Amino acid sequence: MSLSVTLDNISLRKGYNLLISNLNLEVGSGDAISLTGQNGVGKTTLLRAIAGFFSPHAGKISASDAGGPIDPVRFRTELIHYLGHQDALSPTRTTEQELRFQAQYLNANENNYQFAVQYLNLSPLLDLETRLLSAGQKRRVSFARLLIAQRPVWLLDEPMSPLDADQRDVAARLMQDHLSDGGIIIAAVHDPLPFETRIVHLTRPDISAQEVALVD
Amino acid sequence: MSTKINAGPHAALSLLKRDLSLSLTRGGGPLLAVGFYLTLMAMIPLSLGSDSGTLSRVAPGLTWLCLALASLLSLERLFERDYEDGLFDILRLGPLPMEVIALLKCLAQWLGTGLMLAVLTPFVMIILGAPVDAAFISLIAAILGSLSFAIIGGIGASLSLGTRKGGVLIALLVLPFYVPPVIFGAGLMQAYLTGAPVVQALSLLTAYALFALALGPIAMGAALKSALN
Amino acid sequence: MITWLANPERFTRVFAPIRPYIGGLAAALFVWGLYLCFASPEDYQQGDTVRIMYLHVPAAWMAMMVYLIMGIASFFGLIFRHALADAAAKAAAPIGAVFTALALITGSLWGKPMWGTWWEWDGRMTSVLVLFLFYIGYIALHASIDDEVRAAKSTAILALVGLVNLPIIKFSVDWWNTLHQGTSVVRMDGPTIAPDMLWPLLVMALAFKALFVWLWLVRIDAEIITRRYRTLRARLSFQ
């Protein structure tokens with residue numbers, strides 16, 4: 001499969017603030033991108049825009065495969081995983097309840113669920129309410145949905161930050177397997193990922209671009 | 001292909017189940033709203049006096065007022081928790097459009113609390129002095145009314161998402177929109193008790209519930225999308 | 001034309017020079033209108049109290065008109081993502097709220113000599129009261145959301161939901177009115193109105209409209225300037 005994601009001259013705003021201006025990026029199967037830059041520069045905003053949570057103020061985000069361009073709704077609802085700062089776990093539900101819900105909601109099959117639990121060594125956590133988990137454990141549980149529902153594009157927001165060294169190794173292996181299967185990873189990071197990635201460094205648009213954005 | 005066709009209803013069912021179980025357990029579940037409803041009921045004779053003539057005259061109207069107020073109570077939790085936990089990030093990557101997600105959440109919340117309040121309504125009315133034979137019609141009316149309250153309330157909850165003013169702001173936004181169902185519901189009971197025909201009030205109440213079902217998801221979908229970008 | 005003006009910069013350029021004239025027009029209309037109010041004859045039934053009508057009725061008209069304007073601006077802001085439409089809707093809200101409050105207060109003052117009560121729960125007054133609550137909700141929601149773009153969107157949705165609901169609420173209140181009051185209350189502005197009362201009413205209505213347009217333009221401009229300041233200030237923190 002030859003999936004590619006293209007950012008064509010996009011500009012993103014948060015409120016009326018212009019965060020990203022005229023960004024071009026082409027990502028293909030097997031690519032890993034590290035988004036770097038100061039806090040507040042728009043890494044999370046960019047990931048959420050690629051996820052299709054909102055449309056860019058200018059420019060176009062598109063995806064295509066061998067069969068031609070992919071419908072944006074299909075792209076969002078079938079091909080993307082987004083792991084944000086928050087781990088998307090309800091505190092009063094058990095890990096198992098949450099993972100099984102995710103599996104059903106994302107229309108995954110039972111084998112994947114078992115595989116994910118095994119791969120990430122989650123069985124000791126399954127009957128715990130998620131509010132009892134540590135930050136690192138929660139992140140591991142979040143990683144599970146990458147394996148539960150198989151989707152080629154992973155958008156990861158600081159995926160490694162709460163993990164300890166051992167868990168980082170597991171996560172890195174997981175990501176590298178995904179890349180060698182032809183997947184795509186775009187990750188916002190402060191520390192570089194422990195494998196080869198393309199680095200895209202984001203900076204603030206200069207003030208004249210800001211002025212232009214103000215008037216349209 | 002067959003899995004794709006099933007994906008929507010399958011996901012909808014799993015979301016409904018999840019939210020229903022959460023609305024029944026989270027934060028005391030329906031207990032809060034039910035307790036509030038009964039407390040308000042107890043306050044009525046304490047503020048108006050226990051004269052049964054007065055009470056039975058105002059019972060239908062005040063019961064509807066209490067029902068509206070009690071319906072407000074669970075709205076703050078409707079989207080806020082999942083918003084804070086980041087769950088919408090998963091929900092939006094699934095097969096359901098935001099409008100359907102919002103509607104399912106409202107329905108789950110209504111099944112968990114609104115319906116309980118509706119079931120209590122005939123008892124509250126009777127305790128306040130309405131005749132027992134009004135129980136059935138008041139139950140039907142309360143079911144329709146609480147459904148309108150839940151969905152119109154969901155609009156308020158989605159608009160005020162993440163404002164940290166929560167409950168008070170929702171109440172301010174939503175209560176003016178509760179005016180029609182309160183009028184139709186209380187009017188329905190009054191018509192029944194005075195022996196007038198109830199068809200008109202009942203159909204107006206039904207119409208408003210359908211109107212809420214049509215308008216609610218569109219408004220909530222738009223509000224949630226703007227809150228979650 | 002509308003799209004051309006939707007650019008805030010152009011909008012400021014076009015309207016800033018016109019604005020003082022609109023303000024002047026409003027002042028002149030008020031002078032003329034108030035003169036006519038007091039020059040017009042007393043009502044044979046209501047005496048001098050009829051003069052409250054010259055404030056009350058235009059204020060009530062404005063209460064509805066401004067809400068409608070907010071709804072239209074919200075629609076354009078929501079559908080076409082015009083930043084100026086957002087500013088226009090936001091700017092109109094407090095003005096509309098004040099007109100609505102004025103309609104309620106003058107209505108109440110008029111009610112005392114007419115019906116002997118400060119407040120009569122008739123359909124019209126009750127509907128205007130609900131409209132006032134809509135304005136309050138709109139302003140409160142705008143004030144509660146930190147992100148300006150989100151605030152604009154959420155309030156636009158609220159304004160449109162309100163606009164759709166207003167006729168229903170009006171209907172329900174009228175229905176409630178017939179349920180609770182067999183006889184209809186004296187109507188505030190009967191359809192038959194003497195010409196020498198019509199003139200002051202019309203001039204006052206125009207004065208109110210001019211005042212609104214003037215205040216509105218000032219507030220939109222202030223909104224645009226505030227927004228520019230905030231954005232540039234936030235950008236400077238990254239220098």
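Leaving aside its neighbours within four places in sequence, which residues is V200(A) in contact with?

**Close-up 1. V200(A) and its surroundings in strand β9 of chain A.** In this predicted model, V200(A) is found in strand β9, which spans residues 198-201 of chain A. Once its neighbours within four places in sequence are set aside, V200(A) is in contact with L25(A), I33(A), S34(A), L35(A) and T36(A). V200(A) counts as buried because its relative accessibility is 12%, and the cut-off for a buried residue is under 20%. Although V200(A) and G37(A) are 163 residues apart in sequence, their C-alpha atoms are 8.5 Å apart in space.

**Close-up 2. K43(A), a buried lysine without a salt bridge.** K43(A) lies in helix α1 of chain A, which covers residues 43-50. This residue is buried yet has no salt bridge, and the nearest side chain of opposite charge, that of E158(A), is 5.0 Å away. A polar atom of the K43(A) side chain does, however, lie 2.7 Å from the backbone oxygen of G37(A). Leaving aside neighbours within four places in sequence, K43(A) is in contact with L35(A), T36(A), G37(A) and Q38(A), as well as with A188(A), V189(A), H190(A) and L202(A).

**Close-up 3. Helix α4 of chain A, its buried residues and its two ends.** The buried residues of this helix, which runs over residues 110-119, are N112(A), Y113(A), A116(A), V117(A) and Y119(A). An α-helix has 3.6 residues a turn, so residues three or four places apart point the same way. The buried residues of α4(A) pack against three other helices of chain A, namely α3 (95-105), α5 (135-148) and α6 (165-180). At the N-terminal end, α4(A) is capped by N109(A), with a side-chain oxygen 3.1 Å from the backbone nitrogen of N111(A). After the helix comes N121(A), whose phi is positive, near 55°.

**Close-up 4. The interface of chain C and chain B.** Chain C brings 29 residues to this contact and chain B brings 31 residues. The two chains bury about 2500 Å² between them, with 75% of that area on carbon and sulfur atoms. R150(C), I157(C) and W175(C) supply 25% of the area that chain C buries against chain B, more than any other three residues. Across this interface there are zero salt bridges, while four residue pairs are in polar contact. On the side of chain C that touches chain B, α5 (123-144) and α6 (148-180) of chain C each supply at least two residues, and the largest share, 18 residues, comes from α6(C). By class, this side of chain C divides into 19 nonpolar, seven polar and three charged residues.

**Close-up 5. The interface of chain A and chain C.** Here the contact takes 16 residues from chain A and 17 residues from chain C. The area buried between chain A and chain C is about 1600 Å², and carbon and sulfur atoms give 60% of it. Between these chains the count of salt bridges is zero, and the count of residue pairs in polar contact, with both residues at pLDDT 80 or more, is also zero. Helix α7 of chain A, residues 207-215, gives the most to the side of chain A that touches chain C, with five residues. That side of chain A has six nonpolar, seven polar and three charged residues.

How values were computed. Residues numbered from 1 in each chain as written. Chains lettered and ligands numbered in written order. Predicted model: local features only at pLDDT ≥ 70, side-chain atom pairs only at ≥ 80, totals over all residues. Heavy atoms only, no water. Contact = heavy atoms within 4.5 Å. Buried area = accessible area lost by both parts, 1.4 Å probe. Salt bridge = Lys/Arg side-chain N within 4 Å of Asp/Glu carboxyl O. Polar contact = N/O pair within 3.5 Å; in protein donor to acceptor, adjacent residues only side chain to side chain. Helix = DSSP H or I, 4+ residues; strand = E, 2+ residues; numbered from the N terminus. Nonpolar A, V, L, I, M, F, W, Y, C, P; charged D, E, K, R; others polar. Buried < 20%, exposed > 50% of the residue type's maximum accessible area, 1.4 Å probe, protein only. Lys, Arg positive; Asp, Glu negative; His and termini not counted.
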